[in-house]
Amino acid sequence: MKNIKYCLALLVYLLIGNIVELKSQNISGRLEPAIPLRNPDRGFHLESNYFVHNYLIPFNRSETYPGGFVDERLKRFGAEKDSITLTQLYLYLSDYVDRDIPQEAFERMQVIFDNLEAKGFKAILRFAYNYTGLNTSGGETEAIISRHLEQLRPFLRKNLGLIATCQMGFIGAWGEWHNSPLSKNQEAKNKLVNTLLDIFPKEYCLQMRYPRQKELLTLDHPDDWKRIGFSNDYFTAGEHSHAPENDFVPGDENYEMVLKDASGFFMSGEIPYAENTEWGLHDLISVDHSLQILRDHHYSAFDITQNNELNIRHWKNYEVYPQKLDSLGIPYDIGYFRGKNGNVLSRSAYDFIRDHLGYRLNLVSSSFERHKNTLSYSICLKNTGFATVVNPHPVYLVFISEEGKIVLEMKLSNINSKDWQPYRIVSGKYETITHRMEGKLPVSLVEGIYRVAIWMPDAQSSLVHHPTYDIKWVENQGVKHMYNEKAVLNIVGLLKW
(Lines give C-alpha, C1' and ligand atoms only; values in the text may rest on other atoms or scores of the structure.)
Protein backbone atom coordinates (compact mmCIF):
# COMPACT_ATOMS: atom_id res chain seq x y z
CA MET A 1 0.00 0.00 0.00
CA LYS A 2 2.87 2.34 0.83
CA ASN A 3 4.36 1.84 -2.65
CA ILE A 4 1.01 2.50 -4.32
CA LYS A 5 0.52 5.78 -2.43
CA TYR A 6 4.07 6.82 -3.27
CA CYS A 7 3.60 6.09 -6.98
CA LEU A 8 0.28 7.96 -7.12
CA ALA A 9 1.84 10.98 -5.46
CA LEU A 10 4.77 10.84 -7.87
CA LEU A 11 2.38 10.53 -10.81
CA VAL A 12 0.49 13.67 -9.72
CA TYR A 13 3.76 15.55 -9.24
CA LEU A 14 5.03 14.61 -12.70
CA LEU A 15 1.69 15.44 -14.30
CA ILE A 16 1.68 18.95 -12.82
CA GLY A 17 5.27 19.45 -13.94
CA ASN A 18 4.31 18.30 -17.42
CA ILE A 19 1.51 20.89 -17.64
CA VAL A 20 3.90 23.69 -16.61
CA GLU A 21 6.40 22.55 -19.23
CA LEU A 22 3.72 22.50 -21.97
CA LYS A 23 2.71 26.08 -21.18
CA SER A 24 6.33 27.20 -21.36
CA GLN A 25 6.58 25.66 -24.87
CA ASN A 26 3.39 27.39 -26.12
CA ILE A 27 1.64 24.05 -26.63
CA SER A 28 -2.05 24.92 -26.47
CA GLY A 29 -3.47 21.46 -25.86
CA ARG A 30 -3.46 17.78 -26.72
CA LEU A 31 -4.71 16.29 -29.97
CA GLU A 32 -7.85 14.22 -29.71
CA PRO A 33 -7.02 10.52 -30.05
CA ALA A 34 -7.58 9.23 -33.58
CA ILE A 35 -7.82 5.68 -34.86
CA PRO A 36 -4.17 4.70 -35.36
CA LEU A 37 -2.78 2.92 -38.40
CA ARG A 38 -3.30 -0.83 -38.10
CA ASN A 39 -0.18 -2.40 -39.55
CA PRO A 40 1.29 -5.91 -39.28
CA ASP A 41 4.47 -6.97 -37.46
CA ARG A 42 4.66 -3.83 -35.31
CA GLY A 43 3.14 -1.94 -32.41
CA PHE A 44 1.98 -2.68 -28.89
CA HIS A 45 1.38 -6.33 -28.17
CA LEU A 46 -0.75 -8.40 -25.84
CA GLU A 47 0.23 -11.65 -24.12
CA SER A 48 -1.41 -15.09 -24.07
CA ASN A 49 -0.26 -18.31 -22.33
CA TYR A 50 -1.60 -21.83 -22.83
CA PHE A 51 -0.81 -25.43 -22.02
CA VAL A 52 -0.87 -27.14 -25.40
CA HIS A 53 -2.30 -30.35 -23.94
CA ASN A 54 -5.51 -28.84 -22.51
CA TYR A 55 -5.85 -25.13 -23.47
CA LEU A 56 -5.64 -24.06 -19.81
CA ILE A 57 -3.76 -20.92 -18.81
CA PRO A 58 -0.88 -22.02 -16.55
CA PHE A 59 -1.27 -19.01 -14.26
CA ASN A 60 -5.06 -19.05 -14.09
CA ARG A 61 -6.34 -22.59 -14.43
CA SER A 62 -9.94 -21.57 -14.00
CA GLU A 63 -9.74 -20.09 -17.51
CA THR A 64 -9.35 -21.96 -20.78
CA TYR A 65 -8.91 -20.91 -24.40
CA PRO A 66 -10.32 -18.68 -25.85
CA GLY A 67 -10.21 -17.05 -22.43
CA GLY A 68 -7.05 -14.99 -22.12
CA PHE A 69 -6.86 -14.56 -25.88
CA VAL A 70 -7.00 -11.46 -28.06
CA ASP A 71 -10.53 -10.15 -27.46
CA GLU A 72 -10.38 -10.61 -23.69
CA ARG A 73 -6.94 -9.01 -23.47
CA LEU A 74 -7.96 -5.99 -25.57
CA LYS A 75 -10.87 -5.30 -23.22
CA ARG A 76 -8.94 -5.98 -20.03
CA PHE A 77 -6.19 -3.53 -20.89
CA GLY A 78 -8.38 -0.89 -22.51
CA ALA A 79 -6.72 -1.34 -25.89
CA GLU A 80 -9.71 -1.92 -28.19
CA LYS A 81 -8.96 1.33 -30.09
CA ASP A 82 -5.19 0.88 -30.33
CA SER A 83 -5.19 -1.07 -33.63
CA ILE A 84 -3.08 -3.84 -32.10
CA THR A 85 -1.98 -6.67 -34.41
CA LEU A 86 0.38 -8.70 -32.18
CA THR A 87 0.20 -11.02 -29.22
CA GLN A 88 3.09 -12.73 -27.50
CA LEU A 89 1.96 -16.34 -27.53
CA TYR A 90 3.51 -18.75 -25.02
CA LEU A 91 2.73 -22.38 -25.86
CA TYR A 92 3.74 -24.67 -23.00
CA LEU A 93 4.70 -28.22 -24.03
CA SER A 94 4.96 -29.23 -20.37
CA ASP A 95 2.89 -32.40 -20.68
CA TYR A 96 5.11 -33.71 -23.49
CA VAL A 97 8.49 -33.21 -21.82
CA ASP A 98 9.11 -36.98 -21.97
CA ARG A 99 7.21 -37.95 -25.14
CA ASP A 100 6.24 -36.95 -28.67
CA ILE A 101 3.78 -34.17 -29.34
CA PRO A 102 0.56 -35.97 -30.37
CA GLN A 103 -1.60 -35.07 -33.35
CA GLU A 104 -4.39 -33.62 -31.20
CA ALA A 105 -1.91 -31.10 -29.79
CA PHE A 106 -1.13 -29.83 -33.29
CA GLU A 107 -4.87 -29.57 -33.95
CA ARG A 108 -5.30 -27.45 -30.83
CA MET A 109 -2.42 -25.19 -31.81
CA GLN A 110 -3.83 -24.83 -35.31
CA VAL A 111 -7.15 -23.64 -33.87
CA ILE A 112 -5.24 -20.86 -32.08
CA PHE A 113 -3.41 -19.85 -35.25
CA ASP A 114 -6.59 -19.96 -37.34
CA ASN A 115 -8.14 -17.61 -34.79
CA LEU A 116 -5.12 -15.31 -35.05
CA GLU A 117 -5.67 -15.06 -38.79
CA ALA A 118 -9.41 -14.48 -38.38
CA LYS A 119 -8.62 -11.51 -36.14
CA GLY A 120 -5.78 -10.18 -38.32
CA PHE A 121 -3.12 -10.84 -35.68
CA LYS A 122 0.34 -12.36 -35.66
CA ALA A 123 2.21 -14.11 -32.87
CA ILE A 124 5.47 -13.33 -31.18
CA LEU A 125 5.87 -17.03 -30.56
CA ARG A 126 7.62 -18.86 -27.73
CA PHE A 127 7.58 -22.54 -26.76
CA ALA A 128 8.51 -23.55 -23.23
CA TYR A 129 8.19 -26.37 -20.71
CA ASN A 130 8.86 -24.68 -17.36
CA TYR A 131 5.97 -22.45 -16.30
CA THR A 132 6.68 -22.54 -12.56
CA GLY A 133 9.58 -20.11 -12.70
CA LEU A 134 12.71 -19.57 -10.66
CA ASN A 135 14.43 -22.35 -8.70
CA THR A 136 12.51 -25.03 -10.57
CA SER A 137 13.08 -27.20 -13.65
CA GLY A 138 10.80 -28.11 -16.52
CA GLY A 139 12.71 -31.35 -17.03
CA GLU A 140 13.56 -30.66 -20.68
CA THR A 141 16.42 -32.56 -22.32
CA GLU A 142 18.46 -31.98 -25.45
CA ALA A 143 16.93 -35.09 -27.04
CA ILE A 144 13.29 -34.10 -26.42
CA ILE A 145 13.82 -30.53 -27.67
CA SER A 146 15.42 -31.87 -30.87
CA ARG A 147 12.55 -34.30 -31.37
CA HIS A 148 9.90 -31.65 -30.75
CA LEU A 149 11.58 -29.20 -33.12
CA GLU A 150 11.45 -31.72 -35.95
CA GLN A 151 7.79 -32.40 -35.18
CA LEU A 152 7.10 -28.66 -35.13
CA ARG A 153 8.94 -27.95 -38.39
CA PRO A 154 5.97 -28.50 -40.78
CA PHE A 155 3.59 -26.74 -38.40
CA LEU A 156 5.81 -23.65 -38.20
CA ARG A 157 6.33 -23.60 -41.97
CA LYS A 158 2.58 -23.86 -42.55
CA ASN A 159 1.89 -20.91 -40.23
CA LEU A 160 4.92 -18.83 -41.16
CA GLY A 161 2.87 -15.83 -42.26
CA LEU A 162 1.20 -15.64 -38.84
CA ILE A 163 4.48 -15.51 -36.90
CA ALA A 164 5.98 -12.03 -36.54
CA THR A 165 9.02 -13.58 -34.89
CA CYS A 166 9.84 -16.78 -33.03
CA GLN A 167 11.76 -16.67 -29.78
CA MET A 168 14.36 -19.35 -29.06
CA GLY A 169 12.54 -20.43 -25.90
CA PHE A 170 12.27 -24.14 -24.94
CA ILE A 171 15.02 -23.99 -22.31
CA GLY A 172 14.50 -22.88 -18.72
CA ALA A 173 11.94 -20.88 -16.76
CA TRP A 174 9.36 -19.42 -19.17
CA GLY A 175 11.75 -20.31 -22.02
CA GLU A 176 14.29 -17.69 -20.91
CA TRP A 177 17.29 -20.08 -20.83
CA HIS A 178 17.86 -19.99 -17.05
CA ASN A 179 16.88 -22.46 -14.31
CA SER A 180 17.33 -25.51 -16.53
CA PRO A 181 19.50 -28.63 -16.68
CA LEU A 182 20.54 -27.27 -20.09
CA SER A 183 21.48 -23.77 -18.88
CA LYS A 184 25.19 -24.57 -19.18
CA ASN A 185 24.94 -26.92 -22.16
CA GLN A 186 26.25 -24.78 -25.02
CA GLU A 187 26.04 -27.63 -27.52
CA ALA A 188 22.32 -28.03 -26.85
CA LYS A 189 21.80 -24.27 -27.24
CA ASN A 190 23.72 -24.22 -30.51
CA LYS A 191 21.62 -27.08 -31.86
CA LEU A 192 18.35 -25.42 -30.82
CA VAL A 193 19.26 -22.09 -32.42
CA ASN A 194 20.61 -23.62 -35.64
CA THR A 195 17.51 -25.79 -36.03
CA LEU A 196 15.14 -22.85 -35.63
CA LEU A 197 17.21 -20.77 -38.05
CA ASP A 198 16.91 -23.63 -40.53
CA ILE A 199 13.14 -23.95 -40.06
CA PHE A 200 12.52 -20.27 -40.74
CA PRO A 201 13.54 -18.82 -44.15
CA LYS A 202 16.53 -16.51 -44.18
CA GLU A 203 14.34 -13.42 -44.62
CA TYR A 204 12.87 -13.89 -41.12
CA CYS A 205 14.33 -12.96 -37.75
CA LEU A 206 14.30 -14.86 -34.49
CA GLN A 207 14.85 -13.63 -30.93
CA MET A 208 16.97 -14.45 -27.92
CA ARG A 209 16.76 -13.17 -24.36
CA TYR A 210 20.35 -12.17 -23.59
CA PRO A 211 23.07 -10.63 -25.80
CA ARG A 212 25.84 -12.56 -24.02
CA GLN A 213 24.15 -15.85 -24.88
CA LYS A 214 24.12 -14.84 -28.52
CA GLU A 215 27.84 -14.09 -28.29
CA LEU A 216 28.54 -17.69 -27.19
CA LEU A 217 26.71 -19.31 -30.10
CA THR A 218 28.38 -21.32 -32.82
CA LEU A 219 26.23 -20.93 -35.93
CA ASP A 220 26.12 -23.27 -38.93
CA HIS A 221 25.87 -20.20 -41.17
CA PRO A 222 27.70 -17.10 -39.85
CA ASP A 223 25.43 -14.83 -41.94
CA ASP A 224 22.57 -15.85 -39.62
CA TRP A 225 24.10 -13.72 -36.87
CA LYS A 226 22.14 -10.66 -37.99
CA ARG A 227 18.88 -12.64 -38.06
CA ILE A 228 18.94 -12.99 -34.27
CA GLY A 229 17.28 -10.15 -32.41
CA PHE A 230 16.30 -9.81 -28.77
CA SER A 231 13.31 -9.82 -26.47
CA ASN A 232 14.08 -7.58 -23.51
CA ASP A 233 11.90 -9.15 -20.81
CA TYR A 234 13.17 -6.70 -18.19
CA PHE A 235 12.79 -3.25 -19.73
CA THR A 236 13.36 -0.72 -16.94
CA ALA A 237 15.24 2.03 -18.83
CA GLY A 238 18.23 0.76 -16.87
CA GLU A 239 16.76 2.24 -13.65
CA HIS A 240 16.05 -0.89 -11.54
CA SER A 241 18.60 -2.25 -9.08
CA HIS A 242 18.48 -5.57 -10.96
CA ALA A 243 18.84 -3.91 -14.38
CA PRO A 244 22.53 -4.86 -14.93
CA GLU A 245 22.69 -8.16 -16.87
CA ASN A 246 18.85 -8.35 -17.00
CA ASP A 247 17.93 -5.12 -18.77
CA PHE A 248 20.08 -3.61 -21.53
CA VAL A 249 21.40 -0.63 -19.61
CA PRO A 250 22.52 2.44 -21.61
CA GLY A 251 26.29 2.55 -21.63
CA ASP A 252 26.94 -1.09 -20.72
CA GLU A 253 28.26 -3.86 -22.98
CA ASN A 254 24.85 -5.48 -23.46
CA TYR A 255 23.39 -2.19 -24.67
CA GLU A 256 26.22 -1.73 -27.16
CA MET A 257 25.91 -5.32 -28.42
CA VAL A 258 22.23 -4.82 -29.19
CA LEU A 259 22.88 -1.38 -30.68
CA LYS A 260 25.44 -2.78 -33.13
CA ASP A 261 22.99 -4.82 -35.22
CA ALA A 262 19.57 -3.62 -34.01
CA SER A 263 18.61 -1.94 -37.28
CA GLY A 264 18.42 -5.32 -39.01
CA PHE A 265 16.47 -7.55 -36.63
CA PHE A 266 13.16 -7.80 -34.76
CA MET A 267 13.30 -6.18 -31.32
CA SER A 268 10.64 -6.30 -28.60
CA GLY A 269 10.36 -5.72 -24.87
CA GLU A 270 8.24 -5.77 -21.76
CA ILE A 271 8.34 -3.97 -18.41
CA PRO A 272 8.44 -6.17 -15.27
CA TYR A 273 5.22 -6.57 -13.33
CA ALA A 274 4.43 -3.85 -10.78
CA GLU A 275 4.67 -6.41 -7.99
CA ASN A 276 6.14 -5.63 -4.58
CA THR A 277 9.05 -8.07 -4.86
CA GLU A 278 12.76 -7.61 -5.43
CA TRP A 279 12.22 -8.27 -9.17
CA GLY A 280 9.07 -6.20 -9.56
CA LEU A 281 9.07 -2.64 -10.90
CA HIS A 282 6.90 -0.59 -8.56
CA ASP A 283 8.39 2.81 -9.45
CA LEU A 284 8.00 5.07 -12.48
CA ILE A 285 10.84 4.91 -14.98
CA SER A 286 11.91 7.84 -17.15
CA VAL A 287 9.72 8.23 -20.23
CA ASP A 288 12.38 10.33 -21.95
CA HIS A 289 15.05 7.67 -21.44
CA SER A 290 12.60 4.98 -22.57
CA LEU A 291 11.94 6.86 -25.82
CA GLN A 292 15.66 7.08 -26.55
CA ILE A 293 16.15 3.37 -25.91
CA LEU A 294 13.22 2.46 -28.14
CA ARG A 295 14.86 4.57 -30.85
CA ASP A 296 18.41 3.28 -30.34
CA HIS A 297 17.44 -0.40 -30.35
CA HIS A 298 14.87 -0.09 -33.13
CA TYR A 299 11.96 -1.63 -31.23
CA SER A 300 9.22 -3.10 -33.40
CA ALA A 301 6.96 -4.28 -30.58
CA PHE A 302 6.28 -3.65 -26.89
CA ASP A 303 4.05 -5.34 -24.32
CA ILE A 304 1.24 -3.42 -22.58
CA THR A 305 -0.06 -6.20 -20.34
CA GLN A 306 2.75 -6.03 -17.76
CA ASN A 307 3.03 -2.95 -15.54
CA ASN A 308 -0.10 -1.66 -17.22
CA GLU A 309 -1.46 -0.13 -14.03
CA LEU A 310 1.67 1.94 -13.34
CA ASN A 311 4.18 2.79 -16.09
CA ILE A 312 1.90 2.13 -19.07
CA ARG A 313 -0.74 4.29 -17.41
CA HIS A 314 1.89 6.97 -16.81
CA TRP A 315 2.69 6.97 -20.53
CA LYS A 316 -0.95 7.94 -21.15
CA ASN A 317 -0.57 11.02 -18.93
CA TYR A 318 2.88 12.09 -20.10
CA GLU A 319 2.86 14.66 -22.89
CA VAL A 320 5.27 14.71 -25.83
CA TYR A 321 5.56 17.43 -28.48
CA PRO A 322 8.06 18.51 -31.15
CA GLN A 323 10.35 20.58 -28.93
CA LYS A 324 10.70 17.75 -26.44
CA LEU A 325 11.38 15.17 -29.16
CA ASP A 326 13.95 17.49 -30.74
CA SER A 327 15.77 17.76 -27.42
CA LEU A 328 15.80 13.96 -27.11
CA GLY A 329 16.83 13.31 -30.71
CA ILE A 330 13.63 11.39 -31.54
CA PRO A 331 12.63 11.57 -35.23
CA TYR A 332 9.01 12.43 -36.07
CA ASP A 333 6.85 14.00 -38.76
CA ILE A 334 5.48 17.42 -37.82
CA GLY A 335 2.14 16.47 -39.38
CA TYR A 336 1.64 13.99 -36.56
CA PHE A 337 1.26 16.92 -34.14
CA ARG A 338 -0.86 19.26 -36.24
CA GLY A 339 -4.46 19.92 -35.31
CA LYS A 340 -7.31 20.68 -37.70
CA ASN A 341 -6.41 24.38 -37.72
CA GLY A 342 -2.74 23.66 -38.40
CA ASN A 343 -1.65 24.50 -34.86
CA VAL A 344 0.92 22.27 -33.15
CA LEU A 345 -0.47 20.26 -30.24
CA SER A 346 0.90 17.58 -27.92
CA ARG A 347 0.18 13.87 -27.80
CA SER A 348 0.56 11.33 -25.03
CA ALA A 349 3.74 9.31 -24.86
CA TYR A 350 1.52 6.21 -25.00
CA ASP A 351 0.08 7.25 -28.36
CA PHE A 352 3.45 8.31 -29.73
CA ILE A 353 5.12 5.02 -28.79
CA ARG A 354 2.16 3.01 -30.06
CA ASP A 355 2.31 4.80 -33.42
CA HIS A 356 6.10 4.71 -33.84
CA LEU A 357 7.03 1.19 -32.81
CA GLY A 358 8.30 -0.51 -35.94
CA TYR A 359 7.87 1.39 -39.21
CA ARG A 360 5.80 4.49 -40.04
CA LEU A 361 5.95 5.32 -43.74
CA ASN A 362 5.38 8.88 -44.96
CA LEU A 363 5.20 9.99 -48.59
CA VAL A 364 7.51 12.91 -49.37
CA SER A 365 6.89 13.32 -53.12
CA SER A 366 5.94 11.37 -56.23
CA SER A 367 5.98 11.84 -59.99
CA PHE A 368 4.82 9.63 -62.88
CA GLU A 369 5.43 10.45 -66.55
CA ARG A 370 4.76 8.66 -69.81
CA HIS A 371 7.37 8.42 -72.55
CA LYS A 372 5.65 6.51 -75.36
CA ASN A 373 5.13 3.04 -73.80
CA THR A 374 7.52 3.62 -70.91
CA LEU A 375 6.64 4.87 -67.45
CA SER A 376 9.17 6.95 -65.52
CA TYR A 377 8.41 6.97 -61.82
CA SER A 378 9.94 8.56 -58.75
CA ILE A 379 8.58 8.07 -55.23
CA CYS A 380 10.27 9.50 -52.17
CA LEU A 381 9.38 8.48 -48.64
CA LYS A 382 10.56 8.79 -45.06
CA ASN A 383 10.21 6.29 -42.25
CA THR A 384 9.63 8.03 -38.92
CA GLY A 385 9.16 4.85 -36.89
CA PHE A 386 11.69 3.36 -34.49
CA ALA A 387 12.49 0.47 -36.86
CA THR A 388 12.23 -0.62 -40.45
CA VAL A 389 9.93 -3.11 -42.18
CA VAL A 390 11.65 -6.19 -40.73
CA ASN A 391 9.59 -8.99 -42.29
CA PRO A 392 9.37 -9.33 -46.08
CA HIS A 393 6.71 -7.27 -47.84
CA PRO A 394 7.11 -6.94 -51.62
CA VAL A 395 6.34 -3.57 -53.19
CA TYR A 396 3.95 -3.25 -56.15
CA LEU A 397 2.91 -0.33 -58.33
CA VAL A 398 -0.82 -0.58 -58.98
CA PHE A 399 -2.76 1.38 -61.61
CA ILE A 400 -6.43 2.16 -61.01
CA SER A 401 -8.78 3.36 -63.72
CA GLU A 402 -11.18 6.30 -63.42
CA GLU A 403 -13.92 3.72 -62.79
CA GLY A 404 -12.01 2.42 -59.76
CA LYS A 405 -10.87 -0.81 -61.39
CA ILE A 406 -7.38 -2.21 -60.87
CA VAL A 407 -6.02 -2.61 -64.39
CA LEU A 408 -2.34 -3.38 -63.77
CA GLU A 409 -0.03 -4.56 -60.96
CA MET A 410 3.74 -4.39 -61.34
CA LYS A 411 6.15 -5.78 -58.74
CA LEU A 412 9.20 -3.59 -58.14
CA SER A 413 11.75 -6.39 -57.89
CA ASN A 414 14.64 -4.00 -57.18
CA ILE A 415 13.05 -2.68 -53.97
CA ASN A 416 13.58 -4.18 -50.51
CA SER A 417 11.45 -2.38 -47.92
CA LYS A 418 13.80 -3.59 -45.17
CA ASP A 419 16.26 -1.00 -46.48
CA TRP A 420 13.92 1.81 -45.40
CA GLN A 421 15.72 2.65 -42.19
CA PRO A 422 14.30 5.55 -40.13
CA TYR A 423 17.39 7.63 -39.58
CA ARG A 424 21.11 8.12 -39.92
CA ILE A 425 23.23 9.51 -37.13
CA VAL A 426 25.22 12.58 -38.19
CA SER A 427 27.37 14.41 -35.63
CA GLY A 428 25.32 12.94 -32.78
CA LYS A 429 21.97 13.93 -34.33
CA TYR A 430 19.30 11.52 -35.55
CA GLU A 431 18.33 12.62 -39.04
CA THR A 432 15.60 10.94 -41.04
CA ILE A 433 16.54 9.44 -44.41
CA THR A 434 14.71 10.18 -47.64
CA HIS A 435 14.36 6.91 -49.54
CA ARG A 436 13.82 7.06 -53.27
CA MET A 437 12.13 4.50 -55.52
CA GLU A 438 12.67 5.40 -59.14
CA GLY A 439 13.06 3.79 -62.52
CA LYS A 440 11.53 3.13 -65.91
CA LEU A 441 9.06 0.37 -66.74
CA PRO A 442 7.40 -0.79 -69.96
CA VAL A 443 3.68 -0.19 -69.47
CA SER A 444 0.68 -0.89 -71.68
CA LEU A 445 -2.43 1.08 -70.79
CA VAL A 446 -5.33 2.60 -72.71
CA GLU A 447 -5.51 6.37 -72.69
CA GLY A 448 -6.92 7.92 -69.55
CA ILE A 449 -6.20 9.18 -66.06
CA TYR A 450 -5.01 6.60 -63.56
CA ARG A 451 -4.48 6.71 -59.84
CA VAL A 452 -1.16 5.14 -58.95
CA ALA A 453 -0.87 3.19 -55.71
CA ILE A 454 1.70 1.34 -53.65
CA TRP A 455 0.63 -2.14 -52.53
CA MET A 456 2.68 -3.97 -49.90
CA PRO A 457 1.15 -7.38 -49.13
CA ASP A 458 2.64 -10.04 -46.89
CA ALA A 459 5.22 -12.14 -48.70
CA GLN A 460 3.53 -15.42 -47.73
CA SER A 461 1.17 -16.69 -50.44
CA SER A 462 -1.50 -17.56 -47.86
CA LEU A 463 -1.77 -13.86 -46.91
CA VAL A 464 -1.15 -12.09 -50.23
CA HIS A 465 -4.82 -11.23 -50.68
CA HIS A 466 -5.59 -10.83 -46.99
CA PRO A 467 -5.89 -7.01 -46.73
CA THR A 468 -5.48 -6.99 -42.95
CA TYR A 469 -1.83 -7.87 -43.45
CA ASP A 470 -1.10 -5.21 -46.08
CA ILE A 471 1.11 -2.28 -45.04
CA LYS A 472 -0.56 1.12 -44.91
CA TRP A 473 1.34 4.38 -45.33
CA VAL A 474 0.42 7.46 -43.32
CA GLU A 475 -2.58 9.20 -44.85
CA ASN A 476 -1.93 12.87 -45.58
CA GLN A 477 -2.44 15.30 -48.45
CA GLY A 478 -0.42 13.01 -50.72
CA VAL A 479 -1.68 9.58 -49.63
CA LYS A 480 -5.16 8.10 -49.44
CA HIS A 481 -6.10 4.51 -48.69
CA MET A 482 -8.23 2.49 -51.06
CA TYR A 483 -9.80 -0.68 -49.70
CA ASN A 484 -11.22 -3.69 -51.49
CA GLU A 485 -11.74 -7.33 -50.60
CA LYS A 486 -8.22 -8.29 -51.71
CA ALA A 487 -5.97 -5.36 -50.84
CA VAL A 488 -5.33 -2.07 -49.09
CA LEU A 489 -3.75 0.32 -51.60
CA ASN A 490 -1.82 3.51 -50.81
CA ILE A 491 -2.75 6.07 -53.47
CA VAL A 492 0.40 8.14 -54.03
CA GLY A 493 -0.22 10.02 -57.30
CA LEU A 494 -1.90 10.42 -60.69
CA LEU A 495 -0.76 9.37 -64.16
CA LYS A 496 -2.05 10.72 -67.46
CA TRP A 497 -1.61 8.08 -70.20
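## Cavity lining, a three-stranded sheet and a helix pair

In this predicted model, the lining of the largest cavity is made up, by class, of three nonpolar, six polar and three charged residues. The space inside that largest cavity comes to about 70 Å³, and the model holds six cavities of 30 Å³ or more. The residues that line the largest cavity are Arg126, Gln167, Met168, Gly169, Gly175, Glu176, Trp177, Gln207, Met208, Arg209, Gln213 and Ser231. Arg126, Glu176 and Arg209, which are among these lining residues, belong to the charged class, while Met168, Trp177 and Met208, also among them, belong to the nonpolar class.

Further along the chain there is an open sheet of three strands, in the order β13-β14-β19, with antiparallel pairing. Strands β13 and β19 (434-442) stand at the edges of this sheet and have a single partner strand each, so one side of each is left without a neighbour in the sheet. From one strand to the next, the twist averages 10°. The two pairings within the sheet are set out below.

| Strand pair | Direction | Bridges | A bridge pair |
|---|---|---|---|
| β13 (residues 361-371) and β14 (residues 374-383) | antiparallel | ten | Phe368 with Tyr377 in β14 |
| β14 and β19 | antiparallel | nine | Ser378 with Glu438 in β19 |

How many residues lie between β13 and β14 in their hairpin? Two residues separate these strands, and Lys372, which sits in the turn, has a positive phi of about 60°. The hairpin partners are joined by ten bridges, and one of the residues paired across them is Phe368, whose bridge partner in β14 is Tyr377. On the β19 side of the sheet, where nine bridges join β14 to β19, Ser378 has Glu438 as its bridge partner.

A helix pair completes this account. Helix α9 (residues 308-317) packs against helix α11 (residues 349-356) at an angle of about 100°, and their axes are 5 Å apart. Because angles of 65 to 115 degrees count as roughly perpendicular, α9 is described as roughly perpendicular to α11. Which residues of the two helices meet? From α9 these are Ile312, Trp315 and Lys316, and from α11 they are Ala349, Tyr350 and Ile353. Taken by class, this contact of α9 with α11 has five nonpolar residues, no polar ones and one charged residue; the charged class includes Lys, and Lys316 in α9 is one of the residues that meet α11.

Definitions and conventions:
Residues are numbered from 1 along each chain as its sequence is written. This is a predicted model: local features need pLDDT of at least 70, side-chain atom pairs count only at pLDDT 80 or more; totals for chains, interfaces and linings use all residues. Side-chain values use heavy atoms; hydrogens and water are left out. On a 1 Å grid over the protein atoms alone, a cavity is a set of points where a 1.4 Å probe fits but cannot get out, and a pocket is an open set with protein on both sides within 12 Å along at least five of seven lines; lining residues have an atom within 4 Å of a point. Grid points are joined across faces, edges and corners, and a volume is the space filled by probe spheres set on the points. Two strands pair if DSSP finds at least two bridges between them. Helices (H or I, at least four residues) and strands (E, at least two) are DSSP runs, numbered from the N terminus. Axes are lines fitted to C-alpha atoms, for helices over the stretch in contact, and angles run from 0 to 180 degrees between N-to-C directions. Angles under 35 degrees count as roughly parallel, over 145 as roughly antiparallel, 65 to 115 as roughly perpendicular and the rest as oblique. Contact means heavy atoms within 4.5 Å.
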